[in-house]
Amino acid sequence: MITTLASNLGRFALLVLLQVLILDRLDVANGWMVPYLYVLFLLMLPFELPNWAGLLIGAATGLVLDAFGSTPGMHMSACTVMMFARIHLLRLMAPRDGYEFGMRPTVPRMGLAWFATNAGVLILLHHLWLFFVEMHRFDAFFSTLLRAILSAAFTLGLALLTQFLTSRASERARA
Amino acid sequence: MRDLFRFLYRIRDTLLFLALLLTALVMLYNGNMHHRSIAINSSNAVAGTIFTWRSQVTEYTSLRERNEKLVVENEALRNRYGIGSDAVDTTMQPAGDSAIWQPFTFTAAKVVHATYHKPLNYLTLDRGSASSLHEDMGVVGPSGIVGVVRAVSPRFASVISVLNTDLRTSVKVKRTGHFGLLYWNTMDAATASVIDIPKHGRVREQDTIVTMGGDGIFPPGVPVGEVLSVENPPGRPDLNVRIRLFEDMARVGFVYVVEDRLRSERDSLESQQPTR
């Protein structure tokens with residue numbers, strides 16, 4: 001319990017700092033690919049977490065990002081939508097016997113296909129919401145859509161890379 | 001009644017979701033409409049301090065470039081005001097002469113954080129209300145305008161960049177004097193558009209665009225950019241002017257924050273006029 005809390009807090013601090021200090025300044029392909037890797041923190045929250053707690057943590061995380069980016073409500077709304085979708089998606093993607101105690105939403109524990117599907121859907125939803133809210137108009141619809149999709153692909157790539165770089169060898173052997 | 005409570009309990013996650021989403025959307029709306037009244041911005045002490053660490057680590061990599069920019073700027077100022085200390089002879093002027101009284105004062109500040117590749121870009125400065133900065137002050141760089149102060153904390157200021165679709169600044173064509181609005185819709189850090197210039201305004205390529213002034217934010221005549229292309233779209237009353245910004249927004253280091261000392265006087269005078 002304490003370990004889970006500590007590792008999640010550490011992951012939160014690390015990913016938020018990585019986001020605001022490095023990724024937000026990363027200018028890839030002239031602004032067509034802007035990764036928002038901090039959502040990995042939300043994607044890796046434990047399955048046992050009550051739904052209401054997930055929603056509150058999502059909203060709070062978004063608010064922290066908004067405070068760094070001077071964009072009140074933008075990340076908060078995107079994270080809230082994503083965490084609400086996550087509730088239903090986790091139910092939809094549950095194993096036949098439900099999630100076992102101690103299972104974590106990572107590549108070594110759940111498999112690459114499960115993680116990539118789950119993360120892919122949620123990241124795409126988050127990015128689509130975020131990019132359209134950021135433009136707050138629909139006149140550049142297709143370029144915004146393309147920017148959101150390209151950025152989501154970039155974020156998913158970084159998320160998978162992070163999974164492979166941070167999972168321990170013992171975990172990988174077991175999986 | 002019990003059924004109602006049971007029903008509400010069953011959809012409690014959805015209710016919480018809707019409440020949080022509504023909160024976020026209200027913040028979003030307030031932030032877009034009247035951006036002066038909100039507290040969520042990068043001038044807060046935590047974000048400012050973290051951005052300052054980063055800039056302390058990274059600023060060494062751009063020292064050479066910043067020095068060269070400063071030398072160029074000094075050269076321009078020397079050419080304008082002469083090299084000697086007695087270039088401006090003030091001995092014969094009475095104290096308090098309006099000819100030497102400056103309506104605009106400048107405060108130097110360092111940019112500790114800036115983005116330039118998003119639709120809504122902001123900068124964070126290392127000066128705040130302790131250095132008598134306040135909202136709605138203009139921010140200019142060595143080569144041209146940079147943005148407008150949006151919020152301040154004691155030690156930091158959050159600046160809305162010219163590369164932000166929410167900012168529109170009054171500008172004019174220096175050669176002809178036609179007014180327009182600087183509006184960033186190009187999604188490219190090097191260029192911007194000037195809208196609302198009427199079609200009879202004969203804007204040419206390489207015309208210089210400067211600020212109009214009189215808005216209490218920028219002094220008149222601050223360089224903005226150079227006209228790249230002029231289009232005359234049918235069915236619209238204004239020209240489609242695209243400009244190259246003079247200030248390199250991807251590398252802005254030190255900036256000057258402009259205080260218009262006549263602003264409150266002008267504002268109070270204008271608010272006395274009867275509204276039609």
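Start by selecting strands E6 and E7 of chain B in this predicted model, and you will see that E6(B) and E7(B) form a hairpin with five residues between them. In the turn, click on Gly177(B), whose phi is positive, at about 85 degrees.

Keep the hairpin selected and show the backbone of both strands, E6 covering residues 168-173 of chain B and E7 covering residues 179-183 of chain B, which pair in the antiparallel sense over five bridges. To follow one of the pairings by eye, begin at Arg168(B) and look across to E7(B), where its bridge partner is Tyr183(B).

Next, add strand E9 of chain B, residues 208-211, to the selection, because here there is another neighbour of E6(B) to look at: three bridges join E6(B) to E9(B), and the two run antiparallel. For one residue pair in this arrangement, select Lys172(B) and look in E9(B) for its bridge partner, Val210(B).

Now show the side chains of E6(B) alone. Which residues lie on the covered face of this strand, and which on the uncovered one? The covered face has Thr169(B), Val171(B) and Val173(B), whereas Arg168(B), Ser170(B) and Lys172(B) make up the uncovered face.

From here, move to the barrel by selecting strands E1, E2, E5, E4, E3 and E12 of chain B, which in that order form a closed barrel of six strands with antiparallel pairing. As you rotate the view, compare the directions of neighbouring strands, which are turned by 45 degrees against each other on average when direction is ignored. Then narrow the selection to strand E3 (residues 138-140) and strand E12 (residues 254-260) of chain B, which pair in the antiparallel sense over three bridges. Within this pair, Val140(B) stands opposite Tyr256(B) in E12(B).

For a wider view, colour chain B by its domain assignment, which gives domain 1 as residues 13-37 and domain 2 as residues 43-78 together with 103-260. If you place a marker at the C-alpha centre of each of these two domains of chain B, the markers will lie 29 Å apart.

Finally, turn to the beginning of chain B and select Met1(B), Leu4(B), Phe5(B), Phe7(B), Leu8(B) and Leu15(B), which make a nonpolar surface patch of about 610 Å². Helix H1 of chain B, residues 2-10, contributes the largest share of this patch, with four residues, while Leu15(B) has its place in helix H2, residues 12-33 of chain B. Is Leu15(B) buried, exposed or partly exposed? Leu15(B) counts as partly exposed, because its relative accessibility is 37%.

Methods:
Residues numbered from 1 in each chain as written. Chains lettered and ligands numbered in written order. Predicted model: local features only at pLDDT ≥ 70, side-chain atom pairs only at ≥ 80, totals over all residues. Heavy atoms only, no water. Patch = residues over 30% accessible without salt bridge, like charges linked within 9 Å, V, L, I, M, F, W, Y side chains within 5 Å. Areas by Shrake-Rupley, 256 points an atom, 1.4 Å probe, with all protein chains shown as cover. Salt bridge = Lys/Arg side-chain N within 4 Å of Asp/Glu carboxyl O. Buried < 20%, exposed > 50% of the residue type's maximum accessible area, 1.4 Å probe, protein only. Pairing = 2+ DSSP bridges. Axes fitted to C-alpha atoms, helices over the stretch in contact; angles between N-to-C directions. Domains from an automatic or database assignment.
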